[in-house]
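I opened this entry to look up how the strands pair, what covers them, and where one loop residue sits. I am working from the chain as shown below.

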Amino acid sequence: MAVTNVTSVDQYNKLIGSSLVSVALFSAEWADQCKQILAVMSEMAKQAPFGGLQFLDIPAEDLSEVSLKHQIDAVPTVIFFKAGKAVDRIDGVDVAALTAKCRKFAGAGDSTVESGDSLEDRLKALINRSNVMIFMKGDRNTPRCGFSKQLIGIINETGVQYDTFDILTDEEVRQGLKVFSDWPTYPQVYVKGELIGGLDIIKELLTAGELNATLNA
């Protein structure tokens, strides 16, 4: 599932009236903060725990009638709709709140919050999703911090196949992985489920001529 771009009032009415809970981002192309929220929503839309939600991107200025109805004074604003009615909202950029509320409305929040084992199992599954797994701010195409951008640049030069996980899309993973691996910062690089380290370690391996061997272990 992907984020749906809403282009008309009729389409908006049809979508929010569906049986799915709608997570609607009121956005504007000129606002960089909207792009950050959209990236988070796009990542969540790919994940199974959020399968009961539909993610919408609504151009606030183009659909002014809808924006006025819901008192959209600034972008980004996210409104949660259930059976056509607004049931919750987030004004501004608050990724942690967005993730938590999406989990709640998807029915995924209780199981992971109440059970440490289930979070640990989830972290293990993510770590082993690819032979080389990178946890970072943003993704391989759009790094969202200087350290992550440097790391991806180095890894790309090796030609090694890898996968990434955007920690900005999931506060539970972001905090939980720091404790699980006893490594307080990001990005983090794993090879076959084992933590290699962050940017400094990768740079050291590169300088020593050991990076390719480590990533292909």
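I began with Y190, whose bridge partner in β9 is L195. The model is a predicted one, and I read the pairing with that in mind. The two strands concerned, β8 (residues 188-191) and β9, pair in the antiparallel sense over three bridges.

I then followed the sheet outward and found that four strands form an open sheet in the order β7-β6-β8-β9, with mixed pairing. β7 (163-166) and β9 (194-197) stand at its edges, and because each has a single partner strand, one side of each is left without a neighbour in the sheet. I also noted that neighbouring strands in this sheet are turned against each other by 30 degrees on average, direction ignored. Helix α7 (residues 146-158) lies across β6, β7 and β8, and I recorded that this helix runs at about 160 degrees to β6.

Next I looked up S130, which I located in the loop between α6 (116-127) and β6 (132-136). Is S130 buried or exposed? Its relative accessibility is 18%, and since the cut-off for buried is under 20%, S130 counts as buried. The side chain of S130 reaches the backbone oxygen of V132 at 3.1 Å. Leaving aside residues up to four places away in sequence, I found that S130 touches Y162 and D163.

I turned after that to β2 (residues 21-27), where seven of the seven residues are buried. In a regular strand the side chains alternate between the two faces of the sheet, so I checked each side separately. V21, V23, L25 and S27 lie on one side of β2 and S22, A24 and F26 on the other, and both faces are covered.

Which strands pair with β2? Strand β3 (residues 53-59) pairs with β2 in the parallel sense over seven bridges, and the partner of F26 in β3 is I58. The chain passes from β2 through helix α2 (residues 32-45) to β3, and I noted this β-α-β crossover as right-handed. Strand β4 (residues 77-82) runs antiparallel to β2 and is joined to it by five bridges, with F80 of β4 as the bridge partner of V23.

Last, I examined α2 itself, whose 14 residues reach 20 Å from the first C-alpha to the last, close to the 20 Å expected at 1.5 Å a residue. Its buried residues are C34, I37, V40, M41, E43, M44 and A45, and these pack against β2, β3, β4 and α4 (95-106).

Notes
Residues numbered from 1 in each chain as written. Predicted model: local features only at pLDDT ≥ 70, side-chain atom pairs only at ≥ 80, totals over all residues. Heavy atoms only, no water. Buried < 20%, exposed > 50% of the residue type's maximum accessible area, 1.4 Å probe, protein only. Pairing = 2+ DSSP bridges. Right-handed = clockwise from strand over helix to strand, strands pointing away. Expected span 1.5 Å × (residues − 1). Contact = heavy atoms within 4.5 Å. Polar contact = N/O pair within 3.5 Å; in protein donor to acceptor, adjacent residues only side chain to side chain. Axes fitted to C-alpha atoms, helices over the stretch in contact; angles between N-to-C directions.
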